[in-house]
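Thanks for making time this morning; I would like to take you through one model, going from a single helix to its surroundings and then to the whole chain. Please have the viewer open as I talk.

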Amino acid sequence: MTGAARVVVIGGGQAGLAAGYRLRRAGLDFVILDAQAQPGGAWIHGWDSLRLFSPAQHSSLPGWPMPPYPGPGYPTAEHVVEYLAAYEKRYELPVRRGETVTAVSRDGDRFQVSTDTGNWFAEAVISATGTWWRRFLPLMPGGFTGRQLHTVDYRGPGEFAGQDVVVVGGGNSGAQIAADLAGTANLTWVTRRPPRYLPDHIDGKALFDVATRRRQALQTGKPDTAGVAGLGDIVAVPPVREARDAGLLRPREMFARFDSDGPVWTDGTRRHADAIIWCTGFRPALSHLAPLRLRTTRGRIPTEGTRAVAEPRLHLLGYGDWTGPASATLIGVGMTARAAVTDIQTTLDTGGG
Ligand SMILES: Cc1cc2nc3c(=O)[nH]c(=O)nc-3n(C[C@H](O)[C@H](O)[C@H](O)COP(=O)(O)OP(=O)(O)OC[C@H]3O[C@@H](n4cnc5c(N)ncnc54)[C@H](O)[C@@H]3O)c2cc1C
């Protein structure tokens, strides 16, 4: 399929949909291209017990609040997927599914967006491809012969019953997966530094408020409040809190290498492992932008707000705080989507960029 639109949005997860909502309101002609056959972005792929770290009313995209979750606790990933599917329908967002963008390149003063089914041409591009698709695993010397997985491969504790499992990572995924396994597997939880729990009352809404205060402080020349990172790394969602308070989450420092049987620590201690689960994070999925030859710093393209510094008609949405405060969260992406679309509209109206 070959087509043209003023703006092409790459990725139809929450960030792409928030951009679509804003583009629709701005009256700009656009299309959203998404590699997956179904709506929901990365939320389709989380583990079975994955839940939001905030209530529904604090997990909304612009325009339409997430409906209340009918069950106990915070909403499930399934609830988020249903919301995203309904959101897309409600605003009649033009999402073309099953279309993977392979390359974005310059074609005179417009972009050529190449997909596995054809080409699109656009005056501006919003890249909103997320991070789930680019797992990060640190290099570890030694030849472990057991099973190794990443967060993206983990579904639930059942298959690990009675096994010796090492979970690596002191962030939210590591803590949640460790808590999920604690009663079922023989768990060793390994973190690079002692886990830093956020105060128990802090949820996603409070995190967003902290991120917003930081942005305001920086914008008005006030001292850096250190934002969320100053508070801790792990949101103490109920299952994590319960496992921690029951003494089931006892972290150990990072090991130094593997032998064939499992990890080996610097003091020489060893641990048999049937499986290692690396909860060591993600990197932005940006390979489709390679033909633009933009300089990257540690996998990130330098931006001013969401706009790529070296390519002003290219915007990056989601991914992390470097594209806007809390841009990779449901509640936060609306604000950065609005800023991106306002910037695009001004650029297209004035013929800038
Ligand atoms: C374990 C975990 C728990 C989290 N919990 C919360 C939480 O409680 N609350 C919260 O607000 N946030 C949470 N987040 C963060 C955040 O909401 C998610 O990471 C979110 O999925 C990011 O949305 P996105 O639209 O940027 O990316 P994604 O959801 O990854 O969507 C990107 C879309 O782009 C498509 N795509 C990718 N590459 C291409 C390509 N080349 N061509 C075409 N399409 C492409 C993908 O198919 C996908 O549909 C959590 C994240 C993780 C990992």
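What covers the buried residues of α1? The cover includes β1 (3–10), β2, α2 (77–90), β6 (118–127) and α6, where helices (H or I, at least four residues) and strands (E, at least two) are DSSP runs numbered from the N terminus.

Before going further, a word on provenance: this is a predicted model, in which local features need pLDDT of at least 70 and side-chain atom pairs count only at pLDDT 80 or more, while totals for chains, interfaces and linings use all residues. Residues are numbered from 1 along each chain as its sequence is written.

Staying with α1, 10 of its 13 residues are buried, meaning that 20 or more other C-beta atoms, placed from the backbone, lie within 10 Å of a residue's own. Among them are Q14, L17, Y21 and R22. At 1.5 Å a residue, counted over one less than the number of residues, α1 should span 18 Å, and its end C-alpha atoms are indeed 18 Å apart, which agrees. G27, which follows α1, has a positive phi, near 75°.

α1 also matters when we turn to the ligand, since it gives the largest share of the shell, 3 residues. In total, 35 residues surround the ligand, the closest being G11, G13, G41, G130 and G318, with a residue counted when its C-beta atom, placed from the backbone, lies within 6 Å. The elements that give two or more residues to this shell are α1 (14–26), β2 (30–34) and α6 (330–350). By class, the shell has 16 nonpolar, 18 polar and 1 charged residues, and Gly counts as polar in this scheme.

A second helix worth a look is α5 (residues 238–245), in which V240, A243 and R244 are buried. They cover an arc of only 100° around the axis, which puts them on the same side of α5, the arc being that of the directions from the helix axis to the C-beta atoms. The buried residues of α5 pack against α3 (172–181). Just after α5, G247 takes a positive phi of about 75°.

Finally, the whole protein, which has 6 helices and 16 strands. Its 353 residues would give a compact globule a radius of gyration near 20 Å, and the protein has 21 Å, which agrees; the radius is taken over C-alpha atoms, and the rule is 2.2 Å times the number of residues to the power 0.38. Of the 353 residues, 43% count as buried.

Definitions and conventions:
Buried ≥ 20, exposed ≤ 12 C-beta atoms within 10 Å, placed from the backbone. Contact = placed C-beta atoms within 7 Å.
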